[in-house]
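Colleague: Hi, could you walk me through this one? I'd like to start with the charged pairs.

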Amino acid sequence: MQPRIEKSIAITLASQLVPMCAELLMDYMDKRNGWIKMPKEFELIRQNSNLGDSYVLAYDEENRILSCLMKSMFPEDTAKQLNQFDNEFLAIKENEKLKFVDSYLNEKLGGDLFHLFESISNMTNEDQQIARKGLEASSEDEKKTIFLSMQLFFAYIYAYFYNHIALMVHGQKLTTLVPLALKGDKKAFCRAIQIDRNILTGHPYFRDTYARLQTGEDPNFLNSVTAYIDRPAIKCRIDYPALYMLFAVLDGFEWLNDMKAREILDLYNGMGLNGDQGYIEDENSIIKKRIEYRKKQKYGY
C-alpha cells in the first residue's frame with residue numbers, strides 16, 4: 001500500500017478539486033433527480049476530441065487517473081518532463097513545495113481547475129468560434145498535441161469525479177470496484193455501472209459481460225445489472241452536497257478521519273463553499289455531518 005500524501009498537500013489539492021466537483025454534483029444531480037451527468041459543454045469536448053468512453057479504462061488502476069492529468073500537461077516527452085518536475089520538486093525547501101505545486105498547475109492549466117471549469121462551462125458562441133479558428137490555424141503536429149492534451153485532461157476530470165462519487169456512495173472508489181469486478185465480483189460490477197454507465201460501453205470486460213448476459217447466460221445477474229442501471233447514483237436529497245464532496249475528496253486522500261473538525265471547517269469556508277452550497281455553523285456541525293456521511297456510505301442513499 002502506498003503511503004498517503006502529506007496533509008498540507010492534500011489540503012492544497014482539495015482546494016483545487018472540490019469547488020469544481022461540488023459544482024458538478026449540485027448542478028447535475030439536482031436537475032436530474034439524482035442522475036449525475038456532465039455538462040453538455042464537457043460532453044461535446046469529450047466527443048469532439050475522440051475521447052469517447054475510453055476514459056473508463058483509468059478505473060483499472062488508481063495511478064492512471066493522476067497520470068492522465070500529468071500527461072495532459074506534458075503531452076510531449078512526458079517521461080523527461082515529469083522527471084524534471086520531480087527533480088525541481090525535490091530540490092526546493094519543504095515550506096515552498098505547496099506554492100510550487102500550486103503555481104505549476106496554474107501555469108500549465110491557465111488558472112486553477114475551477115477557473116478552467118467555469119471558463120469552459122460559460123463559453124459563448126463567440127468564444128467557441130475564436131477557439132475553433134485558433135485550432136484551425138495550428139499546424140498538424142500542434143493539432144495532434146492539442147487534441148492529445150485535451151483528451152487526457154478530460155479523461156482525468158471524468159475519471160476523478162466519478163471515482164469520488166463512488167467513494168461517497170459506496171465507500172469504495174471505482175478504482176477498487178472495477179478491479180474487483182474484473183475478478184468476478186458481481187456486486188462490484190453492479191455498483192460500478194450505477195455510478196458511471198459509460199463503463200458498460202467503454203470498458204471491454206463490462207461490455208462483453210453485459211452482451212453475454214443478454215443471451216440468458218445468468219438471468220439473476222442480468223436482473224441485478226438492469227436494476228442498477230435503472231437506479232440513480234444518489235437517490236435521496238443531500239442538504240450539503242459541497243461538504244459531502246469535500247468529505248469524499250479528503251476521504252480519497254485518506255485524511256478525512258484524521259483531520260480535525262476545525263481544519264475541515266476552515267478549508268470549507270476558505271473555498272467559498274458556504275454560500276448557496278450550504279452554510280456550516282461550527283465544528284459540531286462538521287462532526288455530525290461527517291458521521292452522517294459515513295452512515296450513508298454504509299447503509300446507502
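Modeller: Happy to. A salt bridge here is a side-chain nitrogen of Lys or Arg within 4 Å of a carboxyl oxygen of Asp or Glu. Please keep in mind that this is a predicted model, where local features need pLDDT of at least 70 and side-chain atom pairs count only at pLDDT 80 or more, while totals for chains, interfaces and linings use all residues. Residues are numbered from 1 along each chain as its sequence is written, and side-chain values use heavy atoms, with hydrogens and water left out.

Colleague: Good to know. How many salt bridges are there in the whole structure?

Modeller: The search finds 11 salt bridges. One of them pairs arginine 262 with glutamate 283, with the closest N and O atoms 3.0 Å apart. This pair links distant parts of the chain, since arginine 262 is in helix 15 (residues 261–270) and glutamate 283 is in helix 16 (residues 283–299), 21 residues apart. Helices (H or I, at least four residues) and strands (E, at least two) are DSSP runs, numbered from the N terminus.

Colleague: Are arginine 262 and glutamate 283 buried or exposed?

Modeller: In between: arginine 262 is partly exposed at a relative accessible area of 37%, and glutamate 283 is partly exposed at 33%. Buried means under 20% relative accessible area, exposed means over 50%, and partly exposed lies in between (1.4 Å probe, protein chains only).

Colleague: What about lysine 289 and glutamate 292, how far apart are the N and O there?

Modeller: Their side chains meet in a salt bridge at 3.6 Å, N to O. Lysine 289 and glutamate 292 are separated by about one helical turn, because they are 3 residues apart in helix 16. Lysine 289 is buried, with a relative accessible area of 16%, whereas glutamate 292 is partly exposed at 29%.

Colleague: And which residues are joined into one network by shared partners?

Modeller: Glu43, Arg46 and Asp53 are joined that way, through salt bridges that share partners.

Colleague: Nice. Which residue does aspartate 60 form a salt bridge with?

Modeller: Arginine 64, with the closest N and O atoms 3.7 Å apart. Aspartate 60 is partly exposed at 25% relative accessible area, and arginine 64 is partly exposed too, at 36%.

Colleague: Changing topic: where is histidine 203?

Modeller: Histidine 203 is in the loop between helix 11 (199–202) and helix 12 (204–213). The residue is buried, with a relative accessible area of 4%. Leaving out residues up to four places away in sequence, histidine 203 touches Val56, Leu57, Asp60, Val178, Leu182 and Asn198. Contact means heavy atoms within 4.5 Å.

Colleague: So Asp60 turns up again. At what angle do helix 9 and helix 10 cross?

Modeller: The axes of helix 9 (residues 174–182) and helix 10 (residues 186–195) cross at roughly 135 degrees and come within 8 Å. Among the residues that meet there are Leu177 and Val178 in helix 9, and Phe189 and Ile195 in helix 10.

Colleague: Last one, what's the overall picture?

Modeller: The protein has 16 helices and 0 strands. Buried residues make up 45% of its 301 residues. Of the contacts with a separation of 6 or more, 72% come from residues 24 or more positions apart.

Technical notes. Axes fitted to C-alpha atoms, helices over the stretch in contact; angles between N-to-C directions.
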